[in-house]
Each structure stands twice: as structure tokens, then as C-alpha cells.
Amino acid sequence: MKACSNLAVLRTFANLGGGVDIVSGGELFRALRAGVAPSKIVYSGVGKKPLEMDYALKADILMFNVESEEELQLLNQRALALGKKARIALRVNPDVDPLTHPYISTGLKSNKFGIQIERAREIYLQAKQLPGLDSVGLDCHIGSQLTELAPFLEAVSILRKLLGNLRKDGVDIKYLDIGGGLGIPYDQETPPAPGDYGAAVLDLVENMDITLIMEPGRVLVGNAGVMVTQVLYNKHGPEKSFVIVDAAMNDLIRPSLYRAYHSIIKVKKGNEQSSRIVADIVGPICESSDFLARGREIDEPAPGELLAVMSAGAYGFSMSSNYNSRPRCAEVLVDGSNYYLIRQRETYEDLIRGETIPGHILEGK
Ligand SMILES: Cc1ncc(COP(=O)(O)O)c(C=O)c1O
């Protein structure tokens, strides 16, 4: 869900039998609106609020991936108050280095996510005593944009061992959720093919008598999305050249946030030739960190021409904002030679929806 949360995309995956991993009440709302079966929804995240728990309990989702002892206690209380039983997994932190950008590594001891694996058995035993909970799963998610198999396999092996011990403790684990994280090529990366990843995981979980859950995000949608932006100006400074475009960090924050690389290609008709330039490709936002690429060699674009920012399908629109009061862009689903507007371009009215000026301020009192 968090990689790309448009209803049409969610529904496409739901039609194929997919479920979703959510981290908020808003994401649950989207999942249900898109027609995802509650029995295929798992709920992760370190900060679930009581109202969000209630919403998910009433919707009867498959399971809550619990990330702390306090959350466990609160979920038990909420379930009892509603006369429900919450199916849970503990999200354990296997302390495996995913060898990725520190902002998207999540399974290290120093990360805020998950429960320390050494304490997992004890906490499952606590959960057993709580009448509002039913421990049915074991979960981890070690990070995003992983380009090696080894960290995944190390994490699954660690979970496998823990699962054996939990069963000895009488905790009946039915679901093993190994999170997402498989990387994609943005530049020169050569991540494992999904099929190889699947085969290697299956090798490890064979004979475990579990239902395997995976939470891939980026690998499903990342390379499928392109952000198209129009060139506004070319500006040649004393030290650098800039191509100023009409998309910005509010539309695609990955370069600013993670120094992420996105290939950027001039949209051309036919075989036209252009001279090459090296420039920073920047947006209109009033921040020096507002860039889509730095020091990038591209075909020199003229104002009005279009650039395609590639592999923008994951953590693109879903991380977008209205900073600088910029209406967010339209989303278009392309299927062969057909295309569909799946989110309207925002208007100025959308920007102020829900805002009010108290009467005395309006009157200047
Ligand atoms: C709990 C959880 N599951 C799955 C994912 C999806 O990760 P990815 O898009 O790298 O597959 C994330 C991403 O942050 C996550 O936090």
C-alpha cells in the first residue's frame, strides 16, 4: 500500500488475488474502498492509534503485526472492549543488515521497528495470557531496496528457528510474514529476480506448515511508473546549469530525501538529435534540496518539452505533498494502448478544503 496507494492500482492487485500491508487507518480505508478482502489485510506500524485498532478490529482484518509490548496490551484492551479477538503476529527485529540506505533499513537493533528477537518468546507467552489476542503469525521486514538475497535468507532462517521454538511453547503460528524489500533497478543495480527470490525463500520454508505472506511494494510498481514533467526554463549559472521543470520534491521526494537516483529522459518524437548538457534538474520549490537529479547528463531540453522521470511508481505519488501550495499531479493508468485517468489533477479548491478562518479573525478583531 505505501509504495502506491491509488485505488485503481490496489484493485488491479486485488483482482489478481493480492492483499495489502497497511500502516494506518487511512490505508485501511483505501484498501476496503478498493475492494481488498479484509482476510488479506495485515496491519504493521509502530504507532497504531486506539481508533485505528478499533477500525481494523471491526473490519476483521487478517492480523495485526504488533511492534511493542505496550501496543500488545492496548490491542488486547481494544479487542475485549469490542468483544473481538485480535489475530496477531509479533514483528520481530532479526538484527540483519539489509545493506541498503540507512533511511530504509528497518531490521537493525538501532531501528524503531519491531521487537527485539531475543524477547520474542517471552512476549508471545505474555500474549497467550491475554484473552483478547490470538497469536497466529510471526513477522519481520528488514528494509527496502535490497539488492542481495543473503539478508532476506538470513532473516528467514532466524525466523524459522524462532518459529520452531514458539511451537514448542504451544504458540500455534500459522502465518509467516517475511515483509517486503526486494529492490529494483533505478540505475546500475542488479537486484535478484522475483522468481529467484521466491524460489530461495520457498527452499527455506518448505515443510514448515505455514502460510507464507510477503509484502512487496517497490518491486511491484516501481519500474512501472513514470513521472512526466514539463521544462519551464534553462538557467546557466556561473558554476552550474539548471533545467527548471514543473515537477518538484513535493511530487517525488526520493532524490531529496534519500539522494535516490532516477533516470531522466527527454521525451522525443522519433529520432531527433539534441546536444548533451550536464545540469541539475530542479523544481520550483523554495528549497535548495528541491532537485530531481544533480550533475546529470541529458539531451538538452527546450522550454515546453517533456522529461520522463523513470521508475517513479513506488514511493512517488504516495509520498507526495502540497508543500508550497502546489496541487498534486494527475495519475494515469496505462494498459497497452489504453489509458485511464485514475486521479484527477488537484485544484486550488482542493488545497484549502477543510480550512476555515475563525469569525473574529475574518472580521479583523
Ligand atoms: C512493514 C513493511 N512491509 C512492506 C514494505 C514494502 O517494502 P518494499 O516497497 O521495499 O517492498 C514496507 C516498506 O517500508 C514496510 O515498512
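The C-alpha centres of domain 1 and domain 2 lie 34 Å apart in this predicted model. Domain 1 covers residues 7–218, and domain 2 covers residues 227–347. Where the two domains meet, 10 residues of domain 1 are in contact with 11 residues of domain 2. The area buried between domain 1 and domain 2 comes to about 980 Å², and carbon and sulfur atoms give 62% of it.

Within the stretch assigned to domain 1, helix α4 is a convenient place to begin. Helix α4 runs over residues 69–81, and its 13 residues reach 19 Å from the first C-alpha to the last, which is close to the 18 Å expected at 1.5 Å a residue. Which residues of α4 are buried? They are Glu-71, Leu-72, Leu-75, Asn-76 and Ala-79. These residues cover an arc of only 140° around the axis, and therefore they sit on the same side of α4. The spacing of such positions along a helix follows from its geometry, because an α-helix has 3.6 residues a turn and residues three or four places apart point the same way. On the face of α4 turned away from its buried side, the exposed residues are Glu-70 and Ala-81.

The cover over the buried residues of α4 includes two helices, α3 (50–59) and α5 (120–128), together with the strands β3 (63–66), β4 (86–93) and β6 (133–139). After α4 comes Gly-83, which has a positive phi, near 65°.

Helix α3 can be read in a similar way. Its buried residues are Glu-52, Met-53, Asp-54, Ala-56, Leu-57 and Ala-59, and they pack against α2 (25–33), β2 (41–43), β3, α4 and β4. α3 is followed by Asp-60, whose phi is also positive, near 60°. As background to that value, most residues other than glycine have a negative phi.

The surroundings of α4 can also be followed from Pro-131, which lies in the loop between α5 and β6. Apart from its neighbours within four places in sequence, Pro-131 is in contact with Asn-76, Leu-80 and Lys-85. Of these partners, Asn-76 belongs to the buried residues of α4. Although Pro-131 and Lys-85 are 46 residues apart along the chain, their C-alpha atoms are separated by 7.6 Å.

Turning to the stretch assigned to domain 2, Met-249 is found in the loop between β10 (241–245) and α9 (254–258). Is Met-249 buried or exposed? Met-249 has a relative accessible area of 13%, and so it counts as buried. With its neighbours within four places in sequence left aside, Met-249 is in contact with Ser-256, Ile-285, Glu-287, Ser-289 and Asp-290. His-360 lies 111 residues from Met-249 along the chain, and the C-alpha atoms of the two are separated by 36 Å.

The loop between β14 (306–309) and β15 (331–335) holds Arg-328, and Tyr-315 and Ser-325 are also placed there. Arg-328 is buried, with a relative accessible area of 17%. Beyond its neighbours within four places in sequence, Arg-328 is in contact with Phe-317, Ser-320, Ser-321, Asn-322, Arg-343, Arg-345 and Glu-346. Tyr-315 is not a glycine, yet it has a positive phi of about 55°, and phi is likewise positive in Ser-325, near 50°. Tyr-315 is buried, because its relative accessible area is 15%, whereas Ser-325 has 52% relative accessibility and so counts as exposed.

The cysteines remain to be considered. How many disulfides are there? The count comes to 0, where a disulfide would need a pair of cysteine sulfur atoms within 2.5 Å. For Cys-4, the closest cysteine sulfur is that of Cys-329, and it is too far for a bond because the separation is 11 Å. For Cys-286, the closest cysteine sulfur is again in Cys-329, and a bond is ruled out because the sulfur atoms are 19 Å apart. Cys-4 is buried, with a relative accessible area of 16%, whereas Cys-286 is exposed, with a relative accessible area of 65%.

Methods
Residues numbered from 1 in each chain as written. Predicted model: local features only at pLDDT ≥ 70, side-chain atom pairs only at ≥ 80, totals over all residues. Heavy atoms only, no water. Helix = DSSP H or I, 4+ residues; strand = E, 2+ residues; numbered from the N terminus. Expected span 1.5 Å × (residues − 1). Buried < 20%, exposed > 50% of the residue type's maximum accessible area, 1.4 Å probe, protein only. Arc of directions from axis to C-beta. Contact = heavy atoms within 4.5 Å. Domains from an automatic or database assignment. Buried area = accessible area lost by both parts, 1.4 Å probe.
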